[in-house]
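Here are two short exercises to work through with the model open in your viewer. Take your time with each task before reading its solution.

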Amino acid sequence: MIEFKNVTKIFNFKMPNETVALKDINFKIEDSEIVLLKGPSGSGKSTILSLIAALSKPTFGEVIVDNKRVSKLPDNFAALFRREHIGFIFQKFNLISDLSVYENVITPLVVSDLTKEEIDKKATKVMEKFNIIHKKDQKVKNLSGGEQQRCAIARALVNDPDIVLADEPTANLDEQLSLNFLKFVEEIKNEKKTLIISTHDPLFFENPIFSKVIEINKGRLI
Amino acid sequence: MTILTPDVLAILILDFIFLFFSFIALILSFRIVLRWDITKSTPLQYSLEKESYLVATIIKYIFVLKIPLFLFFIFTLDKLSNVIPGAMCAAGVVNATVYGFYLLILKIINLYLFGFWLLLHHFDMKREDYAFVKIKFWLFIFIFFPFLIEIILEVLMFYNINPAKIVSCCGTLFSAAKSSSISSLMKLPHFLVVGAFYANFFLILLFYLLKRDFFFALFNFTFLFISILSLISFFSTYVYELPTHHCPFCLLQKDYYYVGYFLYIFLFIGTFFGMANAFIKIFIKRRISIWYNLSLIFNTFYVILITIYPIVYYIKNGVWL
């Protein structure tokens with residue numbers, strides 16, 4: 001379960017250029033829920049995702065994930081938490097263009113204690129699932145947009161996370177690729193993972209696949 | 001008159017850098033220990049959590065550098081003996097001012113304190129609940145003062161060394177004929193000193209097998225003193241093959257294959273890890289077996305290395321000194 005308790009995030013706190021990104025946010029997301037986090041650009045969606053992933057800490061309040069106060073985790077434990085529990089799909093995929101698909105996919109596993117064989121097995125499984133195995137040795141920069149998208153999803157899921165966070169995953173995609181992404185959402189749903197998609201893409205609105213919609217504007221829940 | 005060789009300058013510059021950063025660390029440490037409340041989710045607490053990382057990193061690097069710098073300090077003293085009239089080794093330089101002896105003792109004490117802080121920090125970093133943060137920074141506040149005194153004494157010592165003034169050499173300082181507290185130690189019967197040394201090592205071995213933390217630490221503590229005492233009064237004469245030469249510093253010279261560095265490193269590491277279990281047990285209720293093993297290994301290295309000298313001498317000459 002993910003819980004936000006009176007979370008406020010202020011960038012440059014007590015500085016002249018102070019910016020309130022989130023104001024007194026409270027919500028709960030149960031396990032295996034598929035959640036749509038919607039709101040206009042700059043409303044605080046990405047800040048919510050980064051707080052869940054323990055990439056940043058709130059200014060006030062607490063973020064609790066699976067009964068763990070992630071907002072209180074020391075940095076080294078926050079990194080460990082992300083490695084074990086979080087898969088992240090970024091708006092621009094954030095793939096390493098000079099590495100191959102395989103090398104990109106195994107990135108989250110490189111620092112794990114897994115053997116080379118175990119890493120290989122996990123990567124192969126996820127690349128097969130997202131139909132990118134045939135391109136495993138190709139450099140990412142030579143892939144099409146759809147292939148890059150599949151590679152990014154495979155990378156997010158290779159460590160078998162409980163929670164998948166997708167930040168504007170279709171912002172740079174055409175309509176067909178956006179529809180493809182919805183198919184991946186269904187696959188993730190079937191795996192009983194918690195998925196939070198932050199977007200302002202109307203394609204996702206009113207879609208019955210989402211069990212919960214959290215709407216945010218100017219840092220406040222609507 | 002001040003003596004400013006490149007080595008002394010390097011030490012002094014590092015001292016001032018360490019002092020600057022440790023002052024920052026001290027101020028922030030006070031802020032942390034006085035205002036830390038892990039149950040709170042306020043901006044102050046989140047900011048203290050971030051600061052604790054910064055401060056701990058500063059302290060860690062100061063201490064990690066200070067420990068090997070002790071060897072550089074000894075090396076520098078030894079080197080300075082070439083320019084100070086009368087000094088034959090670091091002993092003459094230590095005794096060239098009234099500060100040298102206290103500085104040396106304080107440096108050894110600080111080595112252990114810095115080491116203990118680093119161990120506590122190591123365990124704190126393994127906990128996700130910041131369990132030892134307050135203790136760690138209280139300990140730093142406590143250590144800061146001997147650390148500061150060490151730097152002051154170091155500056156005073158180098159500032160007051162007069163290269164024009166003749167100093168006593170180690171042969172005079174560590175002579176049984178002289179009437180001083182050191183020379184009275186030289187007069188102790190050898191069987192008593194050597195017996196105490198091996199008995200102490202046997203007790204370390206015994207409590208290693210029994211895994212009794214407190215006694216293991218206690219006898220490592222006494223071993224540090226008894227080892228240095230027996231080194232000065234008995235074993236050193238076999239290293240130098242001279243019955244009248246008792247200097248604990250000449251061992252660091254090239255003539256004796258720098259054996260002193262090995263001996264002191266073995267002794268300090270061995271006794272440090274010997275005491276570490278008892279120290280860390282105050283905070284975590286478990287024994288670190290590897291520290292026991294490290295302690296015994298290094299203490300054994302020390303005992304073997306120092307025992308070789310009288311045995312080899314006896315085999316070669318058929319007599320004891």
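**Exercise 1. The sheet of chain A**

Task: In what order do the four strands of the open sheet in chain A lie, and which strands stand at the edges?

Solution:
- Step 1. In this predicted model, the order across the open sheet of chain A reads S2-S1-S4-S5, and the pairing is antiparallel.
- Step 2. The edges belong to S2 (19-29) and S5 (68-69) of chain A; each has a single partner strand, so one side of each has no neighbour in the sheet.
- Step 3. Now look at one pair: S1 (residues 2-11) of chain A joins S2(A) through seven bridges, in the antiparallel sense. To check the register, find A:Glu3, which stands opposite A:Lys28 in S2(A).
- Step 4. Finally, add the helix: H1 (residues 45-52) of chain A lies across S1, S2 and S4 (60-65) of chain A, and runs at about 120° to S1(A).

**Exercise 2. Two domains in chain B**

Task: Which elements of domain 1 of chain B give two or more residues to the side that touches domain 2 of chain B?

Solution:
- Step 1. Split chain B into domain 1 (2-160) and domain 2 (170-317). Their C-alpha centres are 25 Å apart.
- Step 2. Counting residues in contact gives 18 from domain 1 of chain B and 16 from domain 2 of chain B.
- Step 3. On the domain 1 side, the elements sought are helices H2 (43-80), H3 (90-94) and H4 (100-125) of chain B. H4(B) supplies the largest share, with seven residues.
- Step 4. Sorted by class, this side of domain 1 of chain B holds 14 nonpolar, three polar and one charged residues.

Methods. Residues numbered from 1 in each chain as written. Chains lettered and ligands numbered in written order. Predicted model: local features only at pLDDT ≥ 70, side-chain atom pairs only at ≥ 80, totals over all residues. Domains from an automatic or database assignment. Contact = placed C-beta atoms within 7 Å. Nonpolar A, V, L, I, M, F, W, Y, C, P; charged D, E, K, R; others polar. Pairing = 2+ DSSP bridges. Axes fitted to C-alpha atoms, helices over the stretch in contact; angles between N-to-C directions.
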